Amino acid sequence: KIRIAKVFGIRISLDELEEKIKDIGYDVVCKNFNDKITIYYLKGQNIEKNLSKISNITGLSKLAFHFISLAEFPRTAVGKINHAKLNILN
């Protein structure tokens with residue numbers, strides 16, 4: 001399933017965004033929520049200091065992002081990210 005977000009009229013592949021953020025050293029999960037991209041990250045990563053870099057990667061304003069720190073990503077029984085549980089964390 002392709003995960004696409006449309007924020008401020010710009011279409012963003014959430015899978016590609018996650019990969020680009022992983023390339024700069026952060027383990028993240030991205031979701032589209034309330035016309036913003038929520039970036040879930042693991043505690044201690046301090047990803048928000050790279051907001052400018054993430055904004056440049058996407059071409060989106062810094063206002064398009066919301067960050068949530070987690071102790072760990074919720075996972076299904078088979079070890080995949082549980083996106084349904086992430087939805088209730090917003």
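His83 is partly exposed, because its relative accessible area of 24% falls between the 20% limit for buried and the 50% limit for exposed. This histidine lies in helix H3. Leaving out residues up to four places away in sequence, His83 touches Arg3, Val29 and Lys31. Another way to place His83 is by its distance to Phe73: the two residues are 10 apart along the chain, and 9.3 Å separates their C-alpha atoms.

A word on confidence helps here, since this is a predicted model. The mean pLDDT of the protein is 89, and 97% of the residues reach 70 or more. Helix H3, residues 83-87, has the lowest mean pLDDT among the elements, at 84. At the other end is helix H1, residues 14-23, which has the highest mean, 94.

**Arg3 and its partners**

One of the contacts of His83 is worth following further: Arg3. Side chains of opposite charge can pair when their charged atoms come close. How many salt bridges are there in this model? The count comes to 2. In one, the side chain of Arg3 meets that of Asp15, with 2.9 Å from N to O. That pair links distant parts of the chain, as Arg3 sits in the segment before S1 and Asp15 in helix H1, 12 residues apart. In the other, Arg3 meets Glu18 at 2.6 Å, again from N to O. Here too distant parts of the chain are linked, with Arg3 in the segment before S1 and Glu18 in helix H1, 15 residues apart. Together, Arg3, Asp15 and Glu18 form a network of salt bridges.

Are these residues buried or exposed? Arg3 and Glu18 are both buried. For Arg3 the relative accessibility is 17%, so this residue counts as buried under the 20% limit. Asp15, in contrast, counts as partly exposed because its relative accessibility is 33%.

**Two loop residues with positive phi**

Next, look at two loops between strands. Phe8 is found in the loop between strand S1 (4-7) and strand S2 (10-13). Although Phe8 is not a glycine, its phi is positive, at about 55°. Asp35 is found in the loop between strand S3 (28-33) and strand S4 (36-42). Asp35 is likewise a residue other than glycine with a positive phi, near 60°. Why do both count as exposed? Phe8 has a relative accessibility of 53%, so it passes the 50% limit. Asp35 passes that limit as well, because its relative accessible area is 57%.

**A buried threonine**

Thr58 belongs to helix H2, which runs over residues 51-58. Its relative accessibility is 12%, so Thr58 counts as buried. Which residues does Thr58 contact, leaving aside neighbours within four places in sequence? They are Ile12, Leu17 and Phe65.

**Accessibility side by side**

The table gathers residues from the sections above.

| Residue | Relative accessible area | Class |
|---|---|---|
| Thr58 | Thr58: 12% | buried |
| Arg3 | Arg3: 17% | buried |
| His83 | His83: 24% | partly exposed |
| Asp15 | Asp15: 33% | partly exposed |
| Phe8 | Phe8: 53% | exposed |
| Asp35 | Asp35: 57% | exposed |

Notes. Residues are numbered from 1 along each chain as its sequence is written. This is a predicted model: local features need pLDDT of at least 70, side-chain atom pairs count only at pLDDT 80 or more; totals for chains, interfaces and linings use all residues. Side-chain values use heavy atoms; hydrogens and water are left out. pLDDT is the predictor's confidence in each residue, from 0 to 100. Helices (H or I, at least four residues) and strands (E, at least two) are DSSP runs, numbered from the N terminus. Buried means under 20% relative accessible area, exposed over 50%, partly exposed in between (1.4 Å probe, protein chains only). Contact means heavy atoms within 4.5 Å. A salt bridge is a side-chain nitrogen of Lys or Arg within 4 Å of a carboxyl oxygen of Asp or Glu.
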